[in-house]
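Let's go through this structure together and ask how each label is earned. Have the sequence and the 3D view at hand.

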Amino acid sequence: MSTPVNILVIIHGMVPHPEPKSPFKLYQEFWDALLEEEPELSQVFPESFIGVEWGQELPINFSIPSSEIRNDQRLTRAQNFVNQRIRYDEVVQDSHPNNIIQDMDFPILTPLVRKLVVGLRESIITRGCGDVIYYSSEDGEREVRRAVYGQVLEKLEPYHEAKDVRLHLMGHSLGVTLTHDFLFGLFAPNHQPGFCEKDFGEDGKRFEKWRQKAQKKELKLGSLSSTASQIPMFVMRKQKLVDMLAENKLLDPSNIGIEHTNQVKWKLFYDVDDILGFCTRRLYNAPDEIREYQVDCGDNPGDAHNGYWKNKTVIKQTANLLMSNAAGHD
């Protein structure tokens, strides 16, 4: 019996910042925190983790034309330009006669509320949700998957001959949907992923090779850890899922590699103050294999959405999940 090869993939989510930072420092800090909780993870995952970056130009360098950076990386420049044109502070300074501003008569507390609303709209909504809308489009989905899947597949290549590969994924925010879609493409039966089409070249061939390994049980889902899930929004982008949910039918977890084994394979974490993260477990027909935790990452909605990486419950429970599913247990 072959020794399992355990591989951890970490994928960030939406980025609501005008000057995004590399996610790899955050990944390393999260990994180090996992090791403090479960030191043996360094032996179980000797290569530590595969970190993925998408949708960001790092750093922004305007000396390079946008046509020369990756398609998905143009999101940063596009969203910054849009935000510059629609920001309320900029709009009220526009003296054009066709720009009509209303004088406001409001109670003393309204300016504070308005400042909060405007701040959220011009950061999390226009930038963060801009990532979501981009990925929901046919063009954006293709470019994000090209970037994300390509990075993962390149790192997986040295293990393509192994007979027992356990894939563990950790996703945050939109990264939860990306991990879910990646697994669906690998494990869902009778499904031909669009990523295997010729447009994706060598990466498409690599993906098909791993899909075949998954169908032969040479590739298995080790575990899945998800923070600030947005899957409840994304299930509405496919008519087949809409039809199924309209009939009050639950999602089949086996399509992402979760079999009915009575062993927890998927842990989800949400904060009720996070306006962009949702409870997800009850959408799936897997009462024993999926566990969900309410956590407290901060009272400010923006802080809450990005605070999962340092949350003690997320770290402890993810480390436990990795250990319990990586040490040869089925």
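Q: What makes a residue exposed, partly exposed or buried here?
A: Exposed means over 50% relative accessible area, buried means under 20%, and partly exposed is in between. Keep in mind that this is a predicted model.

Q: Why is Lys163 called exposed?
A: Lys163 has a relative accessible area of 54%, and the label asks for over 50%, so Lys163 is exposed.

Q: How do you know that Lys163 and Glu218 form a salt bridge?
A: Their side chains meet at 3.7 Å, N to O. The cut-off is within 4 Å for a side-chain nitrogen of Lys or Arg and a carboxyl oxygen of Asp or Glu, so the pair qualifies.

Q: Which parts does the pair of Lys163 and Glu218 tie together?
A: Lys163 is in the loop between helix H6 (138-156) and strand S3 (165-172), while Glu218 is in the loop between helix H8 (201-215) and strand S4 (219-227). The parts tied together are therefore 55 residues apart in sequence.

Q: Is Glu218 buried or exposed?
A: Glu218 has a relative accessible area of 14%. Buried means under 20%, so Glu218 is buried.

Q: What makes Glu29 and Lys310 a salt bridge between distant parts of the chain?
A: Their closest N and O atoms are 3.3 Å apart, and the limit is within 4 Å. Glu29 sits in helix H1 (residues 24-37) and Lys310 in the loop between helix H11 (301-306) and helix H12 (312-326), 281 residues apart. At 32%, Glu29 is partly exposed, whereas Lys310, at 60%, is exposed.

Q: Why do Arg142 and Glu143 get different burial labels?
A: Arg142 has 26% relative accessibility and counts as partly exposed. Glu143 has 12%, and under 20% means buried, so Glu143 is buried. The two form a salt bridge, with the closest N and O atoms 3.5 Å apart.

Q: Which residues do salt bridges with shared partners join into one network?
A: Asp139, Arg142, Glu143 and Arg146 are joined in this way. A search of the whole structure finds 23 salt bridges.

Q: Why do Cys279 and Cys297 not count as a disulfide?
A: A disulfide needs two cysteine sulfur atoms within 2.5 Å. The sulfur of Cys279 is 13 Å from the closest cysteine sulfur, in Cys297, so the two are too far apart for a bond. The search of the whole structure finds zero disulfides. Cys279 is partly exposed at 43%, and Cys297 is buried at 14%.

Q: How do you know that S4 pairs with S3 and with strand S5?
A: Two strands pair if there are at least two bridges between them. S3 and S4 have eight, in the parallel sense, and S4 and S5 (residues 266-270) have four, also running parallel. Val165 stands opposite Leu219 in S4, and Thr227 stands opposite Phe269 in S5.

Q: What makes S4 mostly covered?
A: Eight of the nine residues in S4 are buried.

Q: Which residues have the most contacts inside the largest nonpolar core?
A: They are Val9, Trp54, Leu167, Leu186 and Trp266, in a core of 50 residues. Leaving aside neighbours within four places in sequence, Leu186 is in contact with several residues, including Leu167, Phe207, Trp210 and Leu219. A second, separate core has 25 residues, among them Leu8, Phe49, Met170 and Met323.

Key
Residues are numbered from 1 along each chain as its sequence is written. This is a predicted model: local features need pLDDT of at least 70, side-chain atom pairs count only at pLDDT 80 or more; totals for chains, interfaces and linings use all residues. Side-chain values use heavy atoms; hydrogens and water are left out. Buried means under 20% relative accessible area, exposed over 50%, partly exposed in between (1.4 Å probe, protein chains only). Helices (H or I, at least four residues) and strands (E, at least two) are DSSP runs, numbered from the N terminus. A nonpolar core is a set of buried Ala, Val, Leu, Ile, Met, Phe, Trp, Tyr and Cys residues joined through side-chain atoms within 4.5 Å. Contact means heavy atoms within 4.5 Å.
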